[in-house]
Amino acid sequence: MDTNTLILMLVATVAAAIPLIFAALGELVVEKSGVLNLGVEGMMIVGALFAFIVAAETGQLWLATLVGALAGATMALIFGFITLSLMANQVATGLALTIFGVGLSAFIGQGYTSVALDGIKNLDIPVLSSLPVVGKLLFSYNILVYLAFAAFIAVTWFLYKTRAGLILRAVGESPSSAHALGYRVIRIRYLAVLFGGAMAGLAGAYLSLAYTPLWAEGMTAGRGWIALALVVFATWRPGRVLIGALLFGGVTIAQFHVQGLGVEIPSQFLSMLPYLATIIVLVLISRDAGVIRLNAPASLGQPWHNELH
Amino acid sequence: MSLKDAPPRLELSGITKRYPSVIANQDIDLLVQPGEIHALLGENGAGKSTLMKIVYGVVKPDTGSIFWNGQAVQIRSPAQARTLGIGMVFQHFSLFDTLTVAQNIALALDQKQDMQALSARISEVSTRYGLPLEPDRLVHLLSVGERQRVEIVRCLLQEPQLLIMDEPTSVLTPQAVRKLFETLRRLAAEGCSILYISHKLDEIRELCDTATVLRGGKVTGTANPKIESSKSLAELMIGKELPAYNRTQQRQVGEPRLVINDLSRATDDPFGTSLEHIQLTVHAGEIIGIAGVSGNGQQELLYALSGEKPGISTEVLIKGQAAGGLDAAGRRDLGLRFVPEERLGRGAVPEMSLELNALLTGYANGLSKSGFTQYAKIREFSKACIERFNVKAAGPEAAAKSLSGGNVQKYIVGRELMLNPEVLVIAQPTWGVDVGAASFIRQTLLDLSNTGVAVLVISEELDELFEICDRIAVIAAGQLSTAKPVAETSIEEIGLLMGGMRTSPATEQRAI
């Protein structure tokens, strides 16, 4: 394998990891507030579809990206209303949200399966992009890739360096205590859930506008579920979410190459590898019960209401 | 200091709060003067906590008015209460385990804080009031007493004019209680009023200037605790005379029934405590108490004794048989009965009826036959238990969670007692139980030991242990002290041991 192939593989790895970075960071913030939203896959695919529709109808890629995020947030709002205001079970509601999202997108998206789209282009920064090696590795992605990494820094900074992040973590740790101190638990959780939805929507928009600029039914292919698993196995730490996402991207690209080489392994098995490898690695590096207990939001998944406590 | 002309710090007038099934507060009047330490006295369920939540803005009253320094106010939120100058230290601490001391305090302050400056202020206030704290430590690493200091310092940083303390001493060693009282007296001398909620009468008599007594959601009287006796205060509180204990002085102690033999258990839980070389023998007809501040290994010891976490077979001997490797059912077959601290969820299934909860531990004692449940017998058993142990319940069909804490406890204790125990291990027998039910349960344990049962009580209530036990040991940091006869020790000495001062190595004098 020559340097050029290696660079191409690394670039492709990053590109494949982006949807997971978006979605998992969003879900991380949601779970840190104590809410478990299993609807990531559903929010992601609805985001992908609506972003694609806007792009196909108007050609405005920026607007399309924004609409993708809004569509995800709208789905999240439904989830928030049912679980936070009506206090329904979060697991059941999240599962239903995914089923709803997958079905809805398949239905509305029928007319768009054969539409061609000029996706979001990679940046061409004068001088930087044409640098040897570094130019390809660092300065040749589309803008959403940089946005994902910016989101990683922003979320980490928010959670561990700001007062608002401290409040969010406190709400996830003990909503009753936070309420007793005068914080508005339900409102904070709503905001977290909406942020998670918008990030899942962005992940979807990236898929249908940049990664593979087309619409296909079920095109998120379980990435929402992997994002959920990433958050848990990364023991709710943004750094490990990033590592897990890149690992997933890496194995995805590697197995494509193996398939391309014509190795006698069933392609279904190879397609399964990224999911399997990511989970196994994260389970192995996160076995420490103490670390889990220090980082896991203690109230995760439990409905909370002022009058109940 | 002349505060006579100032208006009352806090005045409540006609406060009423109704919940769907119960009136928590009915027409409550309360008057707290500046610099006064005012006790709010009452049994569990008397409405003390609801009233304090109203003052702190957590709960809104249905009717009634609140005057703060003479001005009528409506307290809509804890944030507003803090702005007025009201601070509250909660009974179950409202701290966040995975955050640091400084972060926990920052969360309670309303403005954005520079963490460095805040740490400096924490150190300053904590030294001024003799409440040492390290701002950068994670809260889950702190002892219960230290956690309470965090809560108090958190309030003090807001320079409160009224400090509400909800059952502050229930988790402290006697020495820590004394230090707390010094701090509180000092605060009061500086003009801060203190509302002190408790059901511990001797503490109230020692600390407070005035006491308002609540019963069933109503004020039943105001008293000067310095003049009243504990007995007269208790009678105001429960509305009837307190029964005296009936205890046989000369007790016959039989053969060893429960032997804990060099029991060590490492914990992998960062919030847990490892047990180190626990050594104890409980004889037939004897009550042994284990005192200690919670979180010093009690939970781990209970799991090891009940069989929920079996270990090496020789670590625990029941009636001379190696039982350390047996699970809970195996130990029950040997005659061990167990009453855990968590009544709902571990001692009983909350959603299930009382009769089905009897089946949980009674299946081997005739409540089931060849794998089939004997409903008639279960009902009979459950009815007998309710009657014999004075359980206030709608009947055997009532769900366990519909009972008050004291009544669930009476039922669970009764259930285990009716299953012919030879060894009884019981944790926090009267925690959260009202005075009447508590004295009933204590008397029941005394009677039980008179019939030759070996009883091991793990409790944080020292008074209780001194009332009923023959010998008392202390668990601190996972180590157990030698069990000493009650007559040869004192609350002082036990308190020192609870704080981690070791007097003698844990060797059992009356060992096997």
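Which residues does Tyr206(A) touch, not counting residues up to four places away in sequence? Select Tyr206(A) and its partners come up: Ile18(A), Pro19(A), Phe22(A), Leu144(A) and Tyr211(A). Keep in mind as you click around that this is a predicted model.

**Stop 1: the core around that tyrosine**

Now widen the selection. Tyr206(A) is among the residues with the most contacts inside the largest nonpolar core, which has 239 residues. Ala24(A), Leu230(A) and Ile164(B) share that billing, so to speak. Next, colour helix α9 of chain A, residues 185-211. Helix α9(A) gives the most to this core, with 16 residues.

**Stop 2: where chain A meets chain B**

Show both chains and pick out the contacts between them: 14 residues of chain A are in contact with 20 residues of chain B. On the chain A side, select α7 (163-173), α8 (175-180) and α13 (289-295), the elements that give two or more residues each. Start with α7(A), since that is the helix with the largest share, five residues. Then colour the chain A side by residue type, and you should get seven nonpolar, four polar and three charged.

**Stop 3: two backbone oddities in chain B**

Jump to Asp27(B), in strand β2 (residues 22-32) of chain B. Check its backbone: phi is near 50°, a positive value in a residue other than glycine. Is Asp27(B) buried or exposed? Neither label fits: Asp27(B) counts as partly exposed because it has 14 C-beta neighbours inside 10 Å, and a residue needs 20 or more to be buried, or 12 or fewer to be exposed.

Then move along to Asn69(B), in the loop between β4 (63-68) and β5 (71-73) of chain B. Phi of Asn69(B) is near 50° too, again a positive value in a residue other than glycine. With 16 C-beta neighbours inside 10 Å, Asn69(B) counts as partly exposed.

**Stop 4: how far to trust the view**

Last, colour chain B by pLDDT. The chain B average is 86, and 93% of the residues score at least 70. Now zoom in on residues 503-512 of chain B, where the pLDDT is below 50. Beyond near neighbours in sequence, that stretch has 20 contacts in the model. Go easy there: where pLDDT is low, the predicted coordinates should not be read in detail. For the complex, the predictor gives an ipTM of 0.79 and a pTM of 0.74.

Key
Residues numbered from 1 in each chain as written. Chains lettered and ligands numbered in written order. Predicted model: local features only at pLDDT ≥ 70, side-chain atom pairs only at ≥ 80, totals over all residues. Contact = placed C-beta atoms within 7 Å. Helix = DSSP H or I, 4+ residues; strand = E, 2+ residues; numbered from the N terminus. Nonpolar A, V, L, I, M, F, W, Y, C, P; charged D, E, K, R; others polar. Core = buried A, V, L, I, M, F, W, Y, C linked by C-beta atoms within 7 Å. pLDDT = per-residue confidence, 0-100.
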